[in-house]
Amino acid sequence: MTTDQISTTTTYVWRKQPFIKSPVTRWGLYIGALAYLLLAAFSVPVNWARVWEGLDRGWRFVEGFLVPDFASRWGDIVIGMQESLTMTVTSTVVGILISIPIGIGAARNIAPAPVYAICRGVIALSRSFQEIIIAILFVAMFGFGPFAGFLTLSFATIGFLSKLLAEDIEDIDESQTEAIRSTGGGWWQIVNYAIQPQVMPRLIGLSLYRLDINFRESAVIGIVGAGGIGATLNTAIDRYEYDTAGAILIVIILIVMVAEYSSGYVRKWAQ
Amino acid sequence: MPITKSENGAAVWTHRTPKARIVMWVGWLLLVALFIFCWQVMTEGTIWFFVYDAPRQAADIGSRMFPPKWSYMDELWWPLWDTINIATLGTLLAVIMAVPVAFLAARNTTPSTKFVRPVALFIIVASRSINALIWGLLLVAIIGPGVFAGIIAIALRSIGFIAKLLYEAIEEIDETQIEAINATGASAMQRLDYGITPQITPAFAGITLFRWDINIRESTVLGLVGAGGLGLKLQASINVLAWGQVTTIFIVILATVLVSEWVSAKVRHSLI
Amino acid sequence: MLRVDNLRKRYRTGDEALKGVSFSVPDGEVVGLIGPSGAGKSTLIRCINRLVEPNDGDVFLNELNVTKLGRGDLKRARRRIGMIFQEYALVERLSVMENVLSGRLGYVSFWQSFTRRFPQSDVDKAFSLLERVGLTDHADKRADALSGGQRQRVGIARALEQDPELLLIDEPTASLDPKTSRQIMRLITEICRERNLPAIINIHDVPLAQAFVDRIVGLQEGEVVFDGPPSDLTEDVLTRIYGEEDWTTMHGDQDEPEDTHPHPARNDPTAELV
C-alpha cells in the first residue's frame with residue numbers, strides 16, 4: 001500500500017495483494033495459460049459420433065463390473081494372478097537387497113565421492129524410464145513371460161528405494177552419528193548403531209509401499225508381454241469380454257486394498 | 001525382559017529375549033521360504049535358453065539402436081504436443097473432479113461419515129488401484145483410440161491420487177485456526193474460504209504439480225495401448241523393429257521428462 | 001591431563017573459528033568454557049576429538065598428540081575421550097542399555113557390536129553406571145521414552161562407559177529446566193572428582209557455570225580472553241567476553257532455598273551488588 005499520501009482526509013482503500021505483483025507478468029501469464037488451453041483443447045480431435053457409440057460399450061463395461069464373470073476364464077485369471085503375485089514378491093525382495101547398498105552409497109553424508117557418483121548414476125538410470133519401456137526392452141532380450149517382468153520390477157525397485165533411502169539417510173539427525181563417532185566407532189558401527197535405527201521404520205514402510213506398487217505395475221507390464229495378470233486383462237478387453245475384465249479389475253482392487261490395509265499394521269508395529 | 005540374573009547373582013543383559021530371538025529366526029526363515037517358493041512358481045515356464053541368450057540379444061539390439069535415426073524427429077513433434085496436452089488437460093480435469101471428492105472424504109469436512117465418506121473413499125481407491133495404462137486400455141476399447149481417450153485415462157487415474165493426498169492435507173489442518181474463524185461468526189462457506197483454503201493451498205499446488213509431472217511420464221507411454229502421443233510412434237517403431245527410431249523416441253521421452261521435472265521444480269519453488 | 005596448543009580452525013567459508021587457542025586442564029579439574037554464540041566453543045571441543053579437523057596446532061592427551069594421528073589411531077584415541085552432547089544425541093530408537101553399551105564400540109569388533117554380544121565386563125560396567133546415574137529401572141526402555149534429564153543421564157553413562165581419560169561436554173543443560181540443569185551439573189562435577197577426570201564444559205549459563213566448575217575459560221571470536229577461577233569473573237570480564245550489558249541483575253533469581261551446596265558465586269564481587 002502506498003503510505004506517502006497520508007493526510008487526514010484520505011480514506012484508505014484496502015485490496016488483497018495479488019499473488020503475482022507485477023501486472024504485466026500477471027496478465028501475461030493469464031493470457032498465455034488461456035491461449036495454451038484453447039489451442040490444446042482444439043487440437044484434440046474428438047470423434048463425437050464414436051464417443052456416443054462408445055457410451056453404450058462403456059455402459060456394458062460398467063455392467064460387467066457390477067455383474068462380473070469370474071467363472072468362464074477362471075483358469076486364466078488364476079494363472080495370471082499367480083504370475084503377478086510371484087513376480088511381485090521375488091522382484092521386491094531382490095530389489096530391496098540391491099537397493100540397500102546402493103542407497104547407502106548414494107547418501108552424501110556417509111559415502112565417499114566416487115561411490116556416491118556411481119550410485120547416483122545407477123539411480124538416475126533406473127528412474128529415467130517408465131516400467132513399461134523397460135519391460136519392452138527386457139521382453140525383447142529375455143523373451144516373453146514373467147521372468148522379464150521380474151527383471152523389470154527389480155530394476156524399477158532399485159531406482160525407487162535407493163533414492164528414497166539415500167534421502168532418508170541424508171536427513172538423519174547428525175548428532176546421533178556424531179555421538180557414535182565420538183565413542184570411537186568405525187564406519188560399520190556408525191551405520192549399524194546410528195543410522196540403521198533411524199532409517200529402519202521408514203525403510204520397512206517404503207519396502208511395503210514398493211511391494212504394493214510392484215503388484216500394480218505387474219498388472220500393466222503384461223500388456224507388452226512380460227507376464228502376469230495384465231496379459232489376461234489385455235486379452236479379455238481385446239475380446240470385448242467386459243464381464244471377465246470387470247472380474248479381473250475387482251480382484252486387482254481387492255488385493256491392493258488388502259495390501260494397503262495390512263501394510264498399515266506392519267508400519268505401526270515397526271515404529 | 002532381556003535382563004536376567006545369572007546363578008551368581010550378576011545381571012546378564014542380552015539384546016533379545018530367547019522367545020523374541022526364536023520368533024525373529026522363524027520370521028526370516030518363512031520369508032526365505034516364501035521367496036524360494038515364489039521363485040520356483042515364477043520360473044516354471046521360463047525358457048532358460050532365452051535367458052542365457054539374453055546378453056547376445058542385448059548386444060544385437062544395442063547395435064541396432066545406435067546410431068539413433070535423427071531424421072525421424074520430424075514425425076515426432078506432433079505426438080510430442082499431444083503428449084503434453086494429454087498430461088496437462090488430464091491433470092486439469094482430474095483436479096476439477098478431485099477437489100470435491102477430497103472434501104467429501106476428509107473426516108473434518110465431509111457432510112456424513114457414514115454414507116458420503118465411504119463412497120468418496122471408494123472412488124479414490126478404485127481410481128488409484130488401476131494404472132493409467134489400464135484405464136487407457138479400457139477407454140480405447142470404449143471410445144476408440146486417440147488423444148481424447150488418453151486425456152480421460154490420465155484424468156481418471158489422477159482423481160484418486162490428488163483426492164487422497166488432498167484429503168489427508170485437509171485432515172491435518174490446524175483446528176485452532178478454524179475455531180478462530182468460527183468465533184468471528186463465519187458461515188460454513190466463509191470458514192472454507194478463510195479457515196481451510198489458506199491452509200491447504202500450498203499442499204494443493206504441490207500435489208497438482210507433482211501429479212502433472214507423473215502424468216507427463218505416463219502420457220509418453222499411453223500410446224502403447226492406442227491412447228495417443230509418443231507411445232503410438234513407439235509401438236509402431238517396435239512393431240517394425242526399427243530400433244534406430246526407438247532410440248530417437250527414447251531420447252525425446254527422456255528430454256521431455258527432464259524438462260517437465262525442471263519446470264515443476266521451478267514452479268513449485270516460486271509457489272511455495 | 002589435556003593440553004591444547006595454539007589450535008587454529010578456519011572453515012571453508014573463510015570464517016576463522018579459532019585463532020590460536022592454548023590452555024591445559026590437569027586431571028580432576030572441571031573447566032567451564034563460556035563465550036557468546038559463535039565464539040568457537042563448539043568448534044573448540046570438537047577439534048579436541050577431531051570431529052572437526054583443526055587446521056593447525058596440537059592437542060595432547062596425556063602426551064599423545066591427537067592431531068597427528070591416522071584414522072585407526074584416531075578411533076583408538078576417541079574412545080579415550082568421552083563426549084556429552086546438547087540435546088543428548090542419544091540414538092532415539094535404541095534402548096537405554098544399547099545406548100550405554102555403544103560407549104564400548106571402539107573396543108569391540110563389528111561382529112560383537114552387530115549381534116549385541118558385548119563382553120560381560122562391559123555389561124557389568126553399564127549396570128553400575130546406570131545405577132550411579134539412577135536409571136537402573138529404565139535399562140530396557142527406548143531412549144525416546146525418557147524425559148530430558150533422564151536422557152542426559154544416559155548420555156553421561158554412555159560417555160563414562162568408554163572409560164574416558166577426558167570428558168568433553170557440549171551445552172549439557174541447554175534443553176533442561178533449571179532444577180534438572182543443576183542436578184545434571186552436580187552429577188557431572190561429582191563424577192569428575194570421583195574419577196579424577198579432566199573435563200571441559202561448554203556452557204551458556206554463566207551463574208550455573210560459576211556454581212559448579214573449578215575454573216572458567218572465556219572465549220571471544222576464537223581467542224581466549226579470560227582464564228581463571230569463577231570468583232575472578234567480574235563485570236569487566238563479562239563485558240570483555242560478551243560485550244556491554246548491565247550484569248548486576250544476573251544473580252537475582254539464582255537463590256534456590258533447597259540448594260545446600262556452597263555457592264561460589266557468593267565470593268563474586270558482582271554478587272555483592274545484588
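The legends below describe close-up views of a predicted model.

**View 1. The interface of chain B and chain A.**
Chain B gives 56 residues to this contact, and chain A gives 55 residues. Together the two chains bury about 4900 Å². Carbon and sulfur atoms account for 78% of that area. On the chain B side, B:Met42, B:Ile142 and B:Phe148 lose the most area to chain A. Their joint share is 13% of what that side buries.

**View 2. Polar and charged pairing between chain B and chain A.**
How many salt bridges link chain B and chain A? The count is 0. Polar contacts do cross this interface: 10 residue pairs, with both partners at pLDDT 80 or more. Helix α5 of chain B, residues 132–143, supplies the largest share of the side that touches chain A, 8 residues. By class, that side of chain B holds 42 nonpolar, 10 polar and 4 charged residues.

**View 3. The interface of chain C and chain A.**
Here the contact draws 30 residues from chain C and 21 residues from chain A. The buried area is about 2100 Å², with 58% of it on carbon and sulfur atoms. Three residues stand out on the chain C side: C:Arg93, C:Leu105 and C:Phe110. They supply 28% of the area that chain C buries against chain A, more than any other three residues.

**View 4. The salt bridge between chain C and chain A.**
Side chains of opposite charge can pair when their charged atoms come close. Across the interface of chain C and chain A, 1 salt bridge is found. Which residues form it? The partners are C:Arg46 and A:Glu178, whose closest N and O atoms are 2.7 Å apart. Between these two chains there are also 9 residue pairs in polar contact, both residues at pLDDT 80 or more.

**View 5. Elements of chain C that face chain A.**
Three elements of chain C each give two or more residues to the side touching chain A: α2 (71–78), β6 (81–84) and α4 (110–114). The largest share, 3 residues, comes from α4(C). This side of chain C divides into 13 nonpolar, 7 polar and 10 charged residues.

**View 6. A salt bridge within helix α6 of chain B.**
B:Lys164 and B:Glu168 meet through their side chains in a salt bridge, at 3.3 Å from N to O. Both residues lie in helix α6 of chain B, which covers residues 147–171. They sit 4 residues apart, about one turn of the helix. Over all chains, the structure holds 32 salt bridges.

**View 7. The two assigned domains of chain B.**
The domain assignment splits chain B into domain 1 (3–65) and domain 2 (71–271). How far apart do the C-alpha centres of these domains lie? The separation is 37 Å.

**View 8. Annotated spans in chain A and chain C.**
In chain A, an unreviewed UniProt entry places the feature "domain: ABC transmembrane type-1" at residues 81–263. This span is 84% helix and 0% strand, and its end C-alpha atoms lie 20 Å apart. In chain C, an unreviewed UniProt entry places the feature "domain: ABC transporter" at residues 2–246. That span of chain C is 36% helix and 23% strand. Its end C-alpha atoms lie 35 Å apart.

Methods
Residues are numbered from 1 along each chain as its sequence is written. Chains are lettered from A and ligands numbered from 1 in the order in which they are written. This is a predicted model: local features need pLDDT of at least 70, side-chain atom pairs count only at pLDDT 80 or more; totals for chains, interfaces and linings use all residues. Side-chain values use heavy atoms; hydrogens and water are left out. UniProt positions are given in the numbering used here, feature names are shortened, and annotations may be inferred rather than shown by experiment. Contact means heavy atoms within 4.5 Å. Buried area is the accessible area (1.4 Å probe) that two parts lose on being put together, summed over both. A salt bridge is a side-chain nitrogen of Lys or Arg within 4 Å of a carboxyl oxygen of Asp or Glu. A polar contact is a pair of N or O atoms within 3.5 Å; within protein, one must be able to donate a hydrogen and the other to accept it, and residues adjacent in sequence count only if both atoms are side-chain atoms. Ala, Val, Leu, Ile, Met, Phe, Trp, Tyr, Cys and Pro count as nonpolar, Asp, Glu, Lys and Arg as charged, and the others, Gly among them, as polar. Domain bounds come from an automatic or database domain assignment.
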